[in-house]
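I opened this model to go through its loops, sheets, ring pairs and pocket. My notes follow in the order in which I looked things up.

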Amino acid sequence: LDTRSGDAAWQFAPRAGRLEPRWFCDDRHVVLQQTQPDQTLVLDAFEGHLLADVPGHAEPWAQAPIRINADRFALFSARTQVGSISITDPHKAWIYDGPLSIAHAGPALAVCGAIPHLIVDGDTLAQLDPATGAERWRRSFARRPMTRADELIGHDAERLYVAADGILRCF
């Protein structure tokens with residue numbers, strides 16, 4: 001909306017299918033998930049023009065996309081698959097193939113300093129390579145799984161902080 005007038009600055013409706021409810025927006029991009037056909041849509045935030053459409057997955061996203069860097073976003077597909085898309089080169093996408101237990105809690109994703117971090121099973125933090133999705137390291141941060149571990153995590157430009165078991169840890 002135009003905050004001065006209350007009028008819509010632009011609007012977007014896919015030609016087919018429907019838009020899923022989880023999405024991302026900042027001052028440059030809007031990232032949406034469309035189903036039927038399944039694709040990720042990237043719009044220019046100022047004008048609403050379609051910048052990229054990347055073939056996607058039929059599963060709804062478990063959380064909104066997260067920006068990794070200027071042209072790459074991390075996506076969580078229905079709590080079963082973590083991956084990335086590039087808005088400039090669809091061939092630069094990756095899918096995380098490391099362990100992803102959901103026995104106690106669903107996974108969550110956080111990005112700190114353009115590096116994705118995966119919260120696994122509510123008690124483990126794994127750092128992923130932003131270019132390939134390969135796991136760089138994995139550390140336990142709690143004695144018992146936290147059901148909403150994503151709410152215990154904060155970050156600044158360079159570090160990730162986790163509060164669990166009465167201890168604040170900085171990674």
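Is Gln36 buried or exposed? I looked up its relative accessible area and found 65%, so Gln36 is exposed. I note here that the model is predicted.

**Entry: the loop between E3 and E4**

I placed Gln36 in the loop between E3 and E4. Its phi is near 55°, which is a positive value in a residue other than glycine. I then checked the peptide bond that joins Gln36 and Pro37 and found it cis, with omega about 10°. Pro37 belongs to the loop between strand E3 (29–35) and strand E4 (39–44).

**Entry: the sheet with E15**

I went on to Asp165, where phi is also positive, about 55°, although Asp165 is not a glycine. I found Asp165 in the loop between strand E15 (160–164) and E16. The hairpin of E15 and E16 has two residues between the strands, and Asp165 takes its positive phi there. Is Asp165 buried or exposed? Its relative accessibility is 16%, and the cut-off for buried is under 20%, so Asp165 counts as buried.

I then traced the sheet around this hairpin. It is an open sheet of three strands, ordered E14-E15-E16, and the pairing is antiparallel. Strand E14 (153–155) and E16 are at the edges with a single partner strand each, so one side of each has no neighbour in the sheet. On average, neighbouring strands of this sheet are turned by 20° against each other, direction ignored.

I looked up the bridges next. E14 and E15 are paired antiparallel over three bridges, and Ile153 has Val162 in E15 as its bridge partner. E15 and E16 run antiparallel and are joined by four bridges. Ala163 is opposite Leu168 in E16.

**Entry: the sheet with E8**

I read a further open sheet as four strands in the order E6-E7-E8-E9, with antiparallel pairing. Which strands stand at its edges? They are strand E6 (61–67) and strand E9 (94–95); each has a single partner strand, so one side of each is left without a neighbour in the sheet. Strand E8 (residues 81–86) runs antiparallel to E9 and is joined to it by two bridges. I noted Trp94 in E9 as the bridge partner of Ser84.

**Entry: aromatic pairs**

How many aromatic pairs does the structure hold? I found two. One of them is Phe24 with Phe73, an edge-to-face pair at 5.1 Å centre to centre and 65° between the planes. Phe24 is in strand E2 (residues 24–25) and Phe73 in strand E7 (residues 72–77), so this pair links distant parts of the chain, 49 residues apart. I checked burial for both rings' residues: Phe24 is buried, and Phe73 is buried too.

Trp137 and Phe171 also form an aromatic pair, and I recorded it as stacked, with 5.9 Å centre to centre and 20° between the planes. Trp137 sits in strand E13 (residues 135–140) and Phe171 in the segment after strand E16 (167–170), so the pair ties together parts that are 34 residues apart in sequence. I then looked up Phe171 alone: its relative accessible area is 29%, and it is partly exposed.

**Entry: the largest pocket**

I took the pocket next. The largest pocket holds about 220 Å³ of space. Which residues line the largest pocket? I listed Leu1, Ala8, Ala9, Trp10, Gln11, Ala45, Phe46 and Glu47. By class, the lining of the largest pocket divides into six nonpolar residues, one polar and one charged.

**Entry: Thr124**

My last lookup was Thr124, which is found in strand E12 (residues 124–128). Its relative accessibility is 13%, so Thr124 counts as buried. I also took the separation between the C-alpha atoms of Thr124 and Gln33, and got 28 Å. Along the chain, Thr124 and Gln33 are 91 residues apart.

Note on methods
Residues numbered from 1 in each chain as written. Predicted model: local features only at pLDDT ≥ 70, side-chain atom pairs only at ≥ 80, totals over all residues. Heavy atoms only, no water. 1 Å grid on protein atoms, 1.4 Å probe; cavity = no way out; pocket = protein on both sides within 12 Å on 5 of 7 lines; lining within 4 Å. Points joined across faces, edges and corners; volume = space filled by probe spheres on them. Nonpolar A, V, L, I, M, F, W, Y, C, P; charged D, E, K, R; others polar. Phe/Tyr/Trp six-rings, centres within 6.5 Å; stacked < 30°, edge-to-face > 60°. Buried < 20%, exposed > 50% of the residue type's maximum accessible area, 1.4 Å probe, protein only. Pairing = 2+ DSSP bridges. Axes fitted to C-alpha atoms, helices over the stretch in contact; angles between N-to-C directions.
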